[in-house]
Amino acid sequence: MGYYTQITDADFLIPKANEAKALAALKALNGPEHNKQKLGGSFSGGGQTSWHYSWMDADYDQKVKSCADVFAMLGFELEESAEGLRLTGYDNKTGQEDLFLATVAPYVAEGSYLDWRGEDGTLYRFQFNDGKMHELEARISWG
C-alpha cells in the first residue's frame with residue numbers, strides 16, 4: 001500500500017549561501033528527540049527498538065554530505081548550480097518528504113513552491129513564505 005504522488009510544477013530553491021544551515025537542520029532532524037515523528041523502525045520484545053523516517057536509512061545523517069544527498073535519498077529529482085539546490089521533480093510513493101521540506105523552510109528562497117498531484121487526482125501546493133512551509137489546497141474554477 002501507500003500513496004503515490006508527483007510534482008507537477010516547481011520553483012524551489014535553497015540558495016547556496018543557506019545550504020550549510022539547511023544541511024545542519026536536516027541532520028539534526030535525525031536526533032533521538034525526534035523519534036516520535038519517525039514512522040519507520042523495528043520492533044522486538046513487544047516494543048520499538050529502532051526508529052527511522054520512512055524510506056530513509058536510520059543513520060542517514062552520518063552518510064550525507066549535502067542537502068542534495070538528503071533530497072535524493074527521499075526520491076526527489078534535483079539540480080545543483082552556483083545559485084543553489086533546486087528540487088525539480090518527484091514521482092514516487094510518499095514517505096515523510098513534507099517533514100524534511102518543512103525543516104528547511106527557513107533556508108528556502110522566499111516564494112518557492114512545489115505543486116503536487118496525488119494518485120487520486122488531489123492537487124496541493126507547498127508554498128514557502130516567511131521561513132515557513134504552507135500547504136495549500138487547489139481550487140479549480142471553470143469560466
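Modeller: Contact here means heavy atoms within 4.5 Å. The model before us is predicted.

Colleague: With that in mind, which residues of helix 1 meet which residues of helix 3?

Modeller: On the side of helix 1, the residues are Glu19, Ala22, Leu23 and Leu26; on the side of helix 3, they are Cys67, Val70 and Phe71. Sorted by class, this contact holds six nonpolar residues, one charged residue and no polar ones.

Colleague: How are the axes of helix 1 and helix 3 placed, and at what angle do they cross?

Modeller: Helix 1 covers residues 19-28 and helix 3 covers residues 67-74; their axes come within 9 Å and cross at roughly 50°. An angle under 35 degrees would count as roughly parallel, and one of 65 to 115 as roughly perpendicular. Helix 1 and helix 3 are therefore oblique to each other.

Colleague: Let us turn to the whole chain. How many helices and strands does the chain have, and what pattern does the chain follow along the sequence?

Modeller: The secondary structure consists of four helices and nine strands. Their order along the sequence is β-α-β-β-α-α-β-β-β-α-β-β-β.

Colleague: What radius of gyration does the chain have, and what would a compact globule have?

Modeller: For 143 residues, a compact globule would have a radius of gyration near 15 Å; the chain has 16 Å, which agrees. The C-alpha trace spans about 60 × 35 × 25 Å along its principal axes.

Colleague: What share of the residues is buried, and how much area does the chain expose?

Modeller: Of the 143 residues, 38% are buried. The chain exposes about 8,200 Å², and carbon and sulfur atoms supply 49% of that area.

Colleague: Among contacts between residues at least 6 apart in sequence, what percentage joins residues at least 24 apart?

Modeller: The share is 57%.

Colleague: Finally, the backbone. How should one read the sign of phi, and where is tryptophan 55?

Modeller: Most residues other than glycine have a negative phi. Tryptophan 55 is not a glycine, yet its phi is positive, at about 70°. Tryptophan 55 lies in the loop between strand 3 (47-52) and helix 2 (60-63).

Colleague: What is the phi of aspartate 130, and where is that residue found?

Modeller: Aspartate 130 also is a residue other than glycine with a positive phi, near 55°. Its place is the loop between strand 8 (123-129) and strand 9 (132-137).

Colleague: Is aspartate 130 buried or exposed?

Modeller: A residue counts as exposed when its relative accessible area is over 50%. Aspartate 130 has 66% relative accessibility and so counts as exposed.

Terms used:
Residues are numbered from 1 along each chain as its sequence is written. This is a predicted model: local features need pLDDT of at least 70, side-chain atom pairs count only at pLDDT 80 or more; totals for chains, interfaces and linings use all residues. Side-chain values use heavy atoms; hydrogens and water are left out. Axes are lines fitted to C-alpha atoms, for helices over the stretch in contact, and angles run from 0 to 180 degrees between N-to-C directions. Helices (H or I, at least four residues) and strands (E, at least two) are DSSP runs, numbered from the N terminus. Angles under 35 degrees count as roughly parallel, over 145 as roughly antiparallel, 65 to 115 as roughly perpendicular and the rest as oblique. Ala, Val, Leu, Ile, Met, Phe, Trp, Tyr, Cys and Pro count as nonpolar, Asp, Glu, Lys and Arg as charged, and the others, Gly among them, as polar. The radius of gyration is taken over C-alpha atoms; the globule rule is 2.2 Å times the number of residues to the power 0.38. Buried means under 20% relative accessible area, exposed over 50%, partly exposed in between (1.4 Å probe, protein chains only). Accessible areas come from the Shrake-Rupley method with a 1.4 Å probe; for residues, only the protein chains shown count as cover.
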